[in-house]
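Colleague: I would like a close look at one part of this model, with the cut-offs stated as you go. Start with the overall fold.

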Amino acid sequence: MYKALSCLSGRCAVFKRESRCRPRLAKLHWASDVPGMPSCNFTPEKYTGMSKERMMEIRRQNCNPMTMKVTYYKKPLFIHQGHMQWLWDVDGKRYLDLFAGVATVSVGHCHPKVTAAIEQQLKRLWHTSNIYVYPPLHEYCEKLASYLPDPLKVIYLTNSGSEANDLAMLMARLHTGNFDIITLRGSYHGGSPQAMGLTSHAAYKYPIANGLGCTNTMCPDVFRGPWGGSHCRDSPVQTIRECSCSQGHCMANEQYIGQLTETLATSVPTQIAAFFAEPIQGVGGVVQYPKNYFKEAYKLVRERGGLCIADEVQTGFGRTGSHFWGFQGHGVIPDIVTMAKGIGNGFPIGAVVTTPEIAASFAKGVHFNTFGGNPVACAVASSVLDTIQEDGTQKISLDVGTYLITELAKLRDKYEIIGDVRGKGLQIGVEMVKDKVSREPLSHEAMNVIFEDIKDMGVLIGKGGLYGQIFRIQPPMCITKEDADFFLAVFNKSVYNYMDRR
Ligand SMILES: Cc1ncc(COP(=O)(O)O)c(C=O)c1O
């Protein structure tokens with residue numbers, strides 16, 4: 001079925017239907033019993049607040065209906081307290097949090113060191129704005145800059161990832177004098193009217209004028225896309241697709257770069273402002289590109305006067321394990337890096353980091369935001385950087401993440417509905433399919449049954465992908481191998497339960 005064929009310069013890569021993809025009579029193994037949840041030596045406060053019914057009433061009446069629309073789970077979760085990788089609901093039930101409030105809690109819920117840093121700053125100074133000079137802002141900017149390679153040394157602090165991306169768009173346009181920006185299909189770069197233009201995912205678009213000057217190109221998704229093979233990506237696990245490429249040569253990459261070349265030739269002027277991409281797509285479903293895609297895409301973009309912008313909102317701060325920044329895994333240096341989420345371990349802060357020259361173009365006008373560089377936010381973010389070092393969270397991401405990905409791949413080989421396992425470090429995606437031959441997305445109903453079952457067994461994960469068909473595992477980077485084993489048993493059991501019941 002997918003003899004997906006790529007012919008470039010007369011050479012053909014034939015991606016064969018391979019034996020591993022054939023529909024196997026899914027031989028269900030006994031799903032072993034789920035072991036007890038790993039122990040935790042923290043005791044949460046007893047919840048004595050508002051009833052669940054009252055909260056839902058208020059949510060329906062006084063919160064924008066959007067809040068109901070995004071509420072996860074048929075039986076919603078009422079969270080009361082958090083500690084490191086653990087969350088407790090209002091009834092005192094404990095959950096292993098493998099989604100980190102949407103890939104945001106980086107070093108652990110209410111991490112004692114970061115909490116102490118907030119407390120100290122709260123007693124000293126909550127707010128003043130960057131029209132004055134105060135130590136936390138400068139201490140933090142110097143520290144953050146030391147984590148980035150030259151010439152990425154100039155920082156502008158924001159409140160969120162969308163705001164960071166808005167500003168990155170503005171900076172790229174001002175600096176290049178060009179307008180057009182290219183993003184990858186399936187990407188999520190934020191929901192502000194400007195960032196919505198970068199976002200290439202229908203669910204997050206509104207029918208308003210947005211995205212003027214934003215064009216998308218084919219996402220080089222080596223599992224779901226037309227091309228992909230058995231050694232395309234930088235992950236401990238490759239796709240189940242086979243290819244005839246020799247090591248070090250990737251025909252799928254040539255094809256996807258061909259798509260970008262065509263976009264550049266047809267959809268934008270000869271000079272562009274920027275190419276905007278996450279090193280690994282997050283909301284899009286932890287999509288990884290062929291190994292040299294970024295290198296070649298950056299070259300093409302720069303030839304057309306464009307800046308290369310890495311959205312590190314999800315992949316930054318050591319989450320990918322091998323490197324501190326996702327772009328380093330691609331062997332490139334962007335012109336602008338945007339960040340948020342993990343930067344503040346859940347405290348609202350974001351940043352745009354760029355070169356002195358690009359920053360100077362931005363400084364030709366005046367831009368002001370009240371809370372960017374807030375002293376409490378800076379104290380938190382500074383403590384997060386220290387904690388990442390002291391707790392060795394990047395190494396945890398690498399070790400526990402690699403273990404999880406490798407073990408999840410064994411479940412992929414066991415169950416017909418697990419189509420792909422991918423990612424790096426603790427940025428992990430599990431793509432669910434109807435079957436491995438068609439690779440058609442598993443239905444929403446089926447996804448929800450498995451998702452709810454996992455939650456009922458005490459583990460929180462996320463969902464993503466254009467068709468909501470991908471489970472996302474992006475936990476706080478303090479989880480242990482024991483936690484990983486618990487999740488693997490829960491996941492195995494929930495998939496088994498679904499297969500058994502259907
Ligand atoms: C990659 C990426 N960029 C930008 C954003 C927007 O960040 P925020 O929600 O803080 O505006 C998100 C949010 O999920 C994201 O995942």
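How many helices and strands does the chain have? After that, please concentrate on strand E9 (residues 274–277) and what lies around that strand.

Modeller: The chain has 14 helices and 17 strands, where helices (H or I, at least four residues) and strands (E, at least two) are DSSP runs numbered from the N terminus. This is a predicted model, in which local features need pLDDT of at least 70 and side-chain atom pairs count only at pLDDT 80 or more, while totals for chains, interfaces and linings use all residues. Residues are numbered from 1 along each chain as its sequence is written.

The chain is as compact as a globular protein of its length, because its radius of gyration is 23 Å and the globule rule also gives 23 Å for 502 residues. That radius is taken over C-alpha atoms, and the rule is 2.2 Å times the number of residues to the power 0.38.

Now for E9. Ala274 and Phe276 on one side are buried, as are Phe275 and Ala277 on the other, which leaves both faces covered. Buried stands for 20 or more other C-beta atoms within 10 Å of a residue's own, with C-beta atoms placed from the backbone; exposed is 12 or fewer, and partly exposed lies in between.

E9 has two parallel partners among the strands given here: E7 (residues 181–184), over three bridges, and E10 (residues 307–311), over four. Pairing requires that DSSP finds at least two bridges between two strands. On the E7 side, Thr183 stands opposite Phe276; on the E10 side, Ala310 stands opposite Ala277.

Ile309 ties this region together. Leaving aside neighbours within four places in sequence, its contacts include Ala274, Phe275 and Phe276, and also Ala168 and Ala172; contact is taken as C-beta atoms, placed from the backbone, within 7 Å.

Helix H6 (residues 161–176) has end C-alpha atoms 22 Å apart, which agrees with the 22 Å expected for 16 residues at 1.5 Å a residue, the expected span being 1.5 Å times one less than the number of residues. Of those 16 residues, 13 are buried. Gly177 follows H6 and has a positive phi, near 75°.

Ala172 and Ile309, with Ala351, have the most contacts inside the largest nonpolar core, which has 129 residues. Such a core is a set of buried Ala, Val, Leu, Ile, Met, Phe, Trp, Tyr and Cys residues joined through C-beta atoms within 7 Å. Domain 1 (52–99 + 393–501) and domain 2 (112–391) both contribute residues, so this core lies between them; the domain bounds come from an automatic or database domain assignment.

Definitions and conventions. Two residues are in contact if their C-beta atoms, placed from the backbone, lie within 7 Å.
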